[in-house]
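Colleague: I'd love a close look at one part of this model, taken slowly, strand by strand if that suits it. Please pick the part and tell me how it sits in its surroundings.

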Amino acid sequence: MKILIKNGHVVDPKNNIDQPMDVLIEDQKIKKVAKSISDKADKEIDAKGKIVCPGLIDLHVHFRQPGYEYKETVETGLRAAVKGGFTGVCPMPNTNPISDRRSDMEFLVGEAKRLNLVRVWPVGAVTLKQEGKELTEFGELKKGGAVALSDDGRPITDSNILRRALEYSKKFDLVIMVHCQDEGLFCGGCMNEGFISTKLGLPGIPVEAESVEVARDIQLADLTGGRLHFCHISSKKSLDLIRHAKANGSRVTAETCPHYFHLTDESILHYNTYAKMNPPLRTAEDVKAIKEALSDGTIDTIATDHAPHSENEKSVEFDKAPFGIIGLETSLALSLGMVEEKVLSLNDLVRKMSLVPAEILKIDRGHLSEGAWADVTVFDPKTEWTVEKDKFESKSKNSPFLGWKMKGRATEVICEGRIVLKEGQIEC
Amino acid sequence: MKLVLDSPSIDRAVTRMAHEILEKNKGTQDLCLMGIQTRGVILAQRLKTQIQRIAKVEVPTGILDINLYRDDLTRVAEQPVIHKTEINFDLANKIVVLVDDVLYTGRTIRAALDALTDFGRPKRIEVAILIDRGHRELPIRADFVGKNIPTNEDEIVHVRFTETDGKEEVTVDQK
Amino acid sequence: MTETSWTRKDLLALEDLSKEEIELILKTAESFKEVSAREVKKVPALRGKSIANLFFEASTRTRTSFEVAAKRLSADTINFSSSGSSTSKGESLSDTAKNIEAMQVDTIVMRHSSSGSAEYLSKVVKAGVINAGDGIHEHPTQGLLDIFTIKEKKKNITGLKVCLIGDILHSRVARSNIWGLTKLGAKVTVCGPPTLIPRGIEKLGVSVEYDVDKAIKDQDVLNILRIQLERQAGAFFPSIREYAAEYGISVDRMKKAKSDVIIMHPGPINRGVELAAEVADGANSVILEQVTNGIAVRMAVLFLTTMVER
């Protein structure tokens, strides 16, 4: 089967392409990227006025299956991913039970195969039950399909355990994704510590709860030579440390999420539980620092930390609501906002949302080279739309961006040569 | 706008009412005055001054805010402003003269009767009114009246005193 | 001058109120104070109205004060407390409140341990909501009764120097006092151990002082906050003994204050800890008048809010 994407503007950072071109796909692979391809195809996509890029990858999502299917399932999560323009996602292992065995990885990969939407690249737990005490079987997890390891949601408090995990992971070339949080400083907080938390009377989480652990983890990455990836960095202080570490040659990478460059802790005024996540929204100064870090490359990738929670769980007193917001369906538009603001070039954006995550995960994706897997996202950067509760594909609706006017949306998603999103509608 | 009482006529009416109060109650024995907020309070003060001039006795005078006793309290569009009630004497066995500017439906006086009951058990309660405009909705009548003015229901009686309104007059206006 | 009209069915926080609205409550409370001095301490103003006291935290004085206030206005009162109610069986706040509302309650007075719970409740029920303390956020009626008492004693709030002493971090009383007093033009200082002064508090327009001996000079009002022994688990200060020595208002320390300073405390007092017994019972203390005024202020608040159309 042949698919021809015509008249689009191709952005492929790996191959230094940023110009109008056509893309020909044949039998799941990229056949050719060139000007005015006139081959006969079974299906043609007119991408006039649109951007054609390697499929977007989100290396940090929560799909809640098994255990919390009322929040999200692999199916609803993948539908949200498709709608958001992603061809691959990495679900975190904080399910119930914790995904810490090979069979858990195989379950996720199998579910994705059965659903035939886009790819799932599972993340296995670093420690058994994410208790931070004993390492999981990294080799087995990798055989089951794991592309990374993380105890996300919980920090690894014991420095020695993290040291051993980083050392041992080298054998398998698996990246360790860390959630930086000093438990002592966190101290049961539920939002950023500062004027707003003082005003609202909510227990605060100081920035240092994050940065203190970032500092420690940099040291451990240097000590071990293991690959370390910082999840959802939210603050200037952490970024200053990471920037310094990278300059010194540390093997660390960092992600941030769209809410950290669009929102501040003022979104929590009136006790908005939809703006409650961990790490918490910080101040305008931090937002500025995150934009700078996106721009200068301190932040390698944009992930969503897509964390669905049901209406019942979020519609409670603020301190009783769980942390987390959904993000798959708003990420592309919010990130395009950074292109609009000239923080990033379009090329940088595609790099951070496709090529870099693939490189961090060591999967051969994120480019449109001849013979590569045909994972392609086509999006219209100019389409205007409004975030509405009942339009989400995700089972949960906990987004702080409800009602926001967005610009830019995926129209076509092709995963391994299959069209799964066509003219904005999910196929199959 | 129709002027029904000017400043001198108000003074004359008050003086006459003071005489009538003293005559009916045979002096100032057990007598006290109770002005209903806000213009009843001014009228009560004036009656007190006149009584003092005639009988050389200062009769105890209180202030009553009846808003909390209104039967239409929960239905009025605009929230009433609650003013002070000040009764610095015992009401037991007193003759209380309730004083207000206008007597219309009788509901204010009913509320005042309720309020007074909460303060004690007077021997007798009488009502002194500057203007009785008719249209009663309750079986209530005034004992002392400054002037009876027949009105239509679509008219409003305005009593203006220097203390509150900067001038002295009573007018009848169309709604 | 045009009279301010009251339009709120809820009283959630003094942060929300304008200076004029606060003054209207104080003025109304003045009129209601007289009712409590009568032989028959009752007016029929809220006859036929139902007020529910929904207390998820132990409280005797605030609950009783609201109950007395409601009864003096002739409202029917219904009491719910958390122990033995459905919340201990895992029912959500919104379900509990909606159930109470289904009993045709006009106003819900709530105390709850979560900051923001009152605002949350006001969004899920049509009944009026009076915040009787939400977590460490606000306790607006306490703030109002403190201001009422200060005004009664000192006549004018503008330019007055008021010092709040103690655990500012965990104090909803402090936050409501700060909002109310600064709106009325007082100069507010907060004083306590550095561990119990929340970050950014100066942005609320107050000065911060760690040394109580410096802080109490020149103050017109000292509002002493209760040291909440149950909240001191986080190593905020080493011992009650040291707290009393460093921050307790003793007879000796009182000598440094102005002779006409008034001493306030929201109660219940830890005698000998934040406040010496001799000072609590002394000539400068207005602590019991605060309690009396609490009823008048709560009558005013219940009256004004319950009269607003639902």
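Modeller: Happy to: what follows goes from one chain to its sheet, then to a single strand.

First, a word on reading it. This is a predicted model, in which local features need pLDDT of at least 70 and side-chain atom pairs count only at pLDDT 80 or more, while totals for chains, interfaces and linings use all residues. Residues are numbered from 1 along each chain as its sequence is written, and chains are lettered from A and ligands numbered from 1 in the order in which they are written.

Let's set the scene with chain C. Its secondary structure comes to 11 helices and nine strands; these are DSSP runs numbered from the N terminus, helices being H or I of at least four residues and strands E of at least two. Chain C is as compact as a globular protein of its length, because its radius of gyration of 19 Å is close to the 19 Å that the globule rule gives for 310 residues (the radius is taken over C-alpha atoms, and the rule is 2.2 Å times the number of residues to the power 0.38). Along the principal axes, the C-alpha atoms of chain C fill a box of roughly 55 × 50 × 35 Å. Of the 310 residues in chain C, 50% are buried, that is, 20 or more other C-beta atoms lie within 10 Å of their own, with C-beta atoms placed from the backbone. Among chain C contacts between residues at least 6 apart in sequence, 75% join residues at least 24 apart; a contact has C-beta atoms, placed from the backbone, within 7 Å.

Now the sheet. Five strands of chain C form an open sheet in the order β7-β6-β5-β8-β9, with parallel pairing; two strands pair if DSSP finds at least two bridges between them. At the edges are β7 (207-209) and β9 of chain C, each pairing on one side only. On average, neighbouring strands of this sheet are turned by 20° against each other, direction ignored, using axes that are lines fitted to C-alpha atoms.

The strand to zoom in on is β8(C), residues 221-224. On one side, β8(C) pairs with β5(C), residues 161-165, in the parallel sense over four bridges. In that pairing, C:Asn223 in β8(C) has C:Leu164 opposite. β8(C) is also joined to β9(C), residues 262-264, by three bridges, and these two strands run parallel. Here C:Val221 has C:Ile262 in β9(C) as its bridge partner.

What about the side chains? In a regular strand, they alternate between the two faces of the sheet. In β8(C), C:Val221 and C:Asn223 point one way, C:Leu222 and C:Ile224 point the other way, and all are buried.

Following C:Leu164 takes us on across the sheet. β5(C) is joined by five bridges to β6(C), residues 187-191, and the two run parallel. In β6(C), C:Val190 is the bridge partner of C:Leu164. C:Leu164 thus links this part of the picture back to C:Asn223 in β8(C), which stands opposite.

Finally, chain C has a neighbour. Its contact with chain A takes 20 residues from chain C and 16 residues from chain A. On the chain C side, α3 (93-101), α4 (117-124) and α6 (172-183) each supply at least two residues. The largest share of that side, three residues, comes from α4(C).

Notes
Buried ≥ 20, exposed ≤ 12 C-beta atoms within 10 Å, placed from the backbone. Contact = placed C-beta atoms within 7 Å. Axes fitted to C-alpha atoms, helices over the stretch in contact; angles between N-to-C directions.
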